[in-house]
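Q: Could you take one part of this model and examine it closely, then follow its connections outward to the rest of the chain? Please state the cut-offs behind each term as you use it.

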Amino acid sequence: MTSDAGPPPWRRALPRLLLGVLLAGVAATNLWWVDRDTRIRDGDEQGVVGTVELFLGSLKEEGALRTVERAALEDWGTYPPLYSLAVAGIARAAGATSPESLAVEAAPTLFHLGTLALLYALGAALGTGWTGLLAALLYASFPLAAGLSRHVMTEGALPFFGAALVLALVRSGGLARPGPAALAGLALALGLLSKQTFAFYAWGPVAAALWARARRGPGGGLAGIAALALAPAALALPWYAARWHSLAEYGRQSAAANDPTAPLAAHLLWYPGATAGLLLGPALTGILLAAVAAVGLHPRARRFAPRGDGWPLVTAWALGSLLVLLAVPKKYERLLYPVGPALALLAADGLRRASRTPVGAGYAGLTAAAALATYGVNALGAPGPLAAPFAATLAPLPVLDERCPQSWTGPPVRDDLGFAAVLAALPPRRGAGTRVLFLREPAIPCDYQTAFNYAYYLEYFARVHGRDLRILPTAEADPAGALEALGEGPEVVASTAPFRCEGGLPLTPHGDLFPDPAGAARACDALAAYSPAGIVRSPSPRVPFELHLMRRSGAGSGRPAPAPPAPGRSP
C-alpha cells in the first residue's frame with residue numbers, strides 16, 4: 001500500500017530549523033565581533049552615530065512621541081532620519097545611554113537577521129524552503145553583507161525593506177490583493193525614509209509589478225495600485241517635498257564625484273568588479289559563474305530557468321539595481337549592499353533546480369561549503385594562501401577616488417590608536433574642561449578610511465569615557481585660529497615633536513606652521529609660559545607616535561589623572 005502523505009513533518013520542518021541555527025550563528029558572531037572591535041569609525045559612520053546620539057538624548061529627556069515628532073519635522077542632515085531613529089530606539093529599549101554601547105553597535109544586526117528571515121520567506125514562496133535556506137546562507141556569507149551588518153550605516157535598513165517590498169509584491173499577486181499591496185507600499189515608504197538611494201533598488205520590482213498588472217488588462221487593478229501608492233504618498237513624499245532644494249544640491253554634488261577624466265570603461269566596470277571581489281567574494285563569484293556557464297551550455301538549459309510569477313520581480317530587483325549603479329558617478333562599495341539579497345535568491349533558485357541531479361547536488365553542497373568558508377575568513381580572519389580566494393578584495397579595480405577607501409570587511413581590530421594613553425596623560429580640570437591645542441597631531445593611516453583628524457576623535461573618545469576635553473583649532477589646519485587660541489592660554493599644548501624656539505622663531509618641524517614672522521614670534525612668546533609635561537608613547541602598532549605635552553603653569557586641578565579606560569564598549 002502506498003501513502004500520499006508526503007514527506008514526514010520533521011523533513012518539512014528541517015529548513016526552518018536550519019534557518020534558526022543560521023540566525024543564531026550570525027547573531028552570536030556579530031555580537032562577538034562588535035564587542036571586540038575598538039577601531040575608530042569611518043567618517044560617514046561617525047556622522048550616522050552622531051545622529052543616533054542626538055536621538056538617544058531626546059528619547060531619554062523628551063520621550064518617544066516628542067522624539068518621533070522632531071524626527072519628522074526637524075532637519076537631521078543629509079539623510080532621512082528613520083534608520084538613526086530606529087537604532088536609537090533599539091538601543092534605548094536595551095537600556096543604552098551612550099553611542100558607544102554594545103546595543104547601538106548591535107542594532108544593525110537585527111536588520112540583518114530580519115533580512116535573512118525575509119529571504120527565507122521569499123525563497124519558500126517562490127520555490128521551496130530549501131531555496132529560502134540557501135538564499136539566506138549565501139547572503140549571510142557575502143563579505144560586504146556580513147561586514148556592513150556590523151556597522152551603523154544608513155544602508156543597513158535597505159536590504160531589509162527591499163526584501164519586504166518584494167515579498168509583499170509577490171503575495172499581492174500582481175497587485176491584485178490590496179492588503180499585501182499596501183504592505184509593499186509601506187516597505188517602499190520606510191525604505192525611502194531610511195535613505196534616498198532606496199529608489200535605486202526599489203524601482204525595478206515596482207515597475208515589474210505595475211507592468212504585470214497592466215498586461216492583465218483593465219479591471220480590479222486600481223485598488224492594488226492605489227494601495228501601493230498610499231504609504232509613499234502619505235509618509236515619504238512630505239519629507240522629500242520639504243527638502244527638495246537641499247536634496248537637489250546633494251544630487252548635483254554626487255554627480256560631480258570621482259575623476260571625470262577616467263575612461264568610461266573604468267566607470268562602467270567598477271561596480272561589476274566590486275560585485276565580484278567584495279559583495280560576493282572571489283571564491284563564490286567563481287563558483288557561481290561556473291554554474292551559470294555550465295547551465296548555459298546544457299542542452300536543456302530552460303529547465304533551470306526560474307519559473308513562477310514572482311521571479312520576474314526578483315530579476316528586476318537585481319538587474320534594475322545594477323543598471324542604476326552603472327550610471328552612478330559615486331563609486332562606493334556600500335551601494336552594492338542592498339543588491340545582495342536579489343543575487344542570493346537567483347543563485348539559490350538555480351542551485352536548487354540543479355540539485356535534482358547527483359552532480360548538481362554535489363555542486364550545491366560545494367557552494368554552501370564555500371559560503372561558510374567565505375564567511376569565516378572575512379569575519380574571523382585566516383591568514384595564508386589558502387584563505388586568499390575567500391577574502392574580499394578591491395585590488396583589481398581602477399582607482400577613481402583619491403580619498404582614503406572605505407573598508408567594511410575583515411576581522412575585528414582591538415586598537416584605539418593610543419587615545420586611552422593620551423587621555424590618561426592629560427590633566428583633569430574642574431569646570432569648563434581641559435583645553436588642548438595641537439601643534440602637530442598624529443596622522444591616522446588611510447586604511448582607517450576616516451574623514452576626521454586625530455584631535456577630533458580624541459575629543460569624542462574623551463566624551464564617551466566621561467572626560468571633558470575642549471580641542472582648540474589645530475595649528476596644522478588653522479594657524480590663525482591656533483594663535484588666537486594660544487592667546488587664551490590652553491592648559492595643554494601637544495605636538496608629535498618637541499617645540500623649540502631660537503631667536504624668537506620656531507625651529508623645524510614647527511617653523512612652517514606659522515609662515516608669518518609676526519605670528520611665529522607670537523607663538524614663541526605664548527609658549528614661553530609652558531614647560532614640558534611628559535611624552536606619551538603610543539601603544540598602537542598602527543599609529544606609532546611620541547606626543548610631547550607642554551603644560552601651562554598653574555593649569556589643572558592638581559588631582560591625578562584617571563587611569564586610561566580599557567578598550568571596549570560602554571554600557
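A: The account below starts with one helix, follows the loop after it and the core, and then turns to the strands and the aromatic rings.

This is a predicted model, in which local features need pLDDT of at least 70 and side-chain atom pairs count only at pLDDT 80 or more, while totals for chains, interfaces and linings use all residues. Residues are numbered from 1 along each chain as its sequence is written, and side-chain values use heavy atoms, with hydrogens and water left out.

The part chosen is helix 8 (158-171), where helices (H or I, at least four residues) and strands (E, at least two) are DSSP runs numbered from the N terminus. Helix 8 has 14 residues and reaches 20 Å from its first C-alpha to its last, close to the 20 Å expected at 1.5 Å a residue, the expected span being 1.5 Å times one less than the number of residues. Twelve of the 14 residues of helix 8 are buried, a word that stands for under 20% relative accessible area, with exposed meaning over 50% and partly exposed in between (1.4 Å probe, protein chains only). Among the buried residues of helix 8 are Leu 158, Phe 161, Leu 165 and Leu 169, and they also include Pro 159 and Gly 162.

Just after helix 8, Gly 173 takes a positive phi of about 60°. Leu 175, in the loop between helix 8 and helix 9 (178-192), has a phi near 65°, a positive value in a residue other than glycine. Most residues other than glycine have a negative phi. The relative accessible area of Leu 175 is 0%, so this residue is buried. Leu 417 can be set beside it: its phi is near 60°, its relative accessibility is 0%, which counts as buried, and it lies in the loop between helix 17 (358-380) and helix 18 (419-425).

Two residues of helix 8 lead outward. Phe 161 belongs to one aromatic cluster together with Tyr 83, Phe 111 and Phe 160. Leu 165 is, with Leu 138 and Phe 142, one of the residues that touch the most other members of the largest nonpolar core, which has 116 residues; such a core is a set of buried Ala, Val, Leu, Ile, Met, Phe, Trp, Tyr and Cys residues joined through side-chain atoms within 4.5 Å. The largest share of this core, twelve residues, comes from helix 5 (residues 102-126). Helix 5 has 20 of its 25 residues buried, so it is largely enclosed by the rest of the structure. Leaving aside residues up to four places away in sequence, Leu 138 touches Leu 284, Ala 344, Ala 347, Ala 348, Leu 351, Thr 367 and Ala 371, a contact meaning heavy atoms within 4.5 Å. Apart from this core lies another, of 27 residues, including Leu 426, Ala 494, Phe 545 and Leu 549.

Strand 1 (residues 434-438) has five of its five residues buried, so it too is largely enclosed by the rest of the structure. Thr 434, Val 436 and Phe 438 point one way from strand 1, and Arg 435 and Leu 437 the other way. Strand 1 runs parallel to strand 2 (residues 469-471), joined by three bridges, where strands pair if DSSP finds at least two bridges between them. Val 436 has Ile 471 as its bridge partner in strand 2, and Leu 437 has Val 493 in strand 3.

The whole structure holds 15 aromatic pairs, counted for rings of Phe, Tyr and Trp (its six-membered ring) with centres within 6.5 Å, planes under 30 degrees apart being stacked, over 60 edge-to-face and the rest tilted. The rings of Phe 452 and Tyr 456 have centres 4.2 Å apart and planes at 25°, so this pair is stacked. The rings of Tyr 456 and Tyr 457 have centres 5.3 Å apart and planes at 85°, so that pair is edge-to-face. Tyr 456 is partly exposed at 30% relative accessibility, whereas Tyr 457 is buried at 3%.

As for confidence, the mean pLDDT (the predictor's confidence in each residue, from 0 to 100) is 84, and 88% of the residues reach 70 or more. Over residues 556-564 the pLDDT is below 50, although this stretch has 19 contacts in the model beyond near neighbours in sequence. Where pLDDT is low, the predicted coordinates should not be read in detail.
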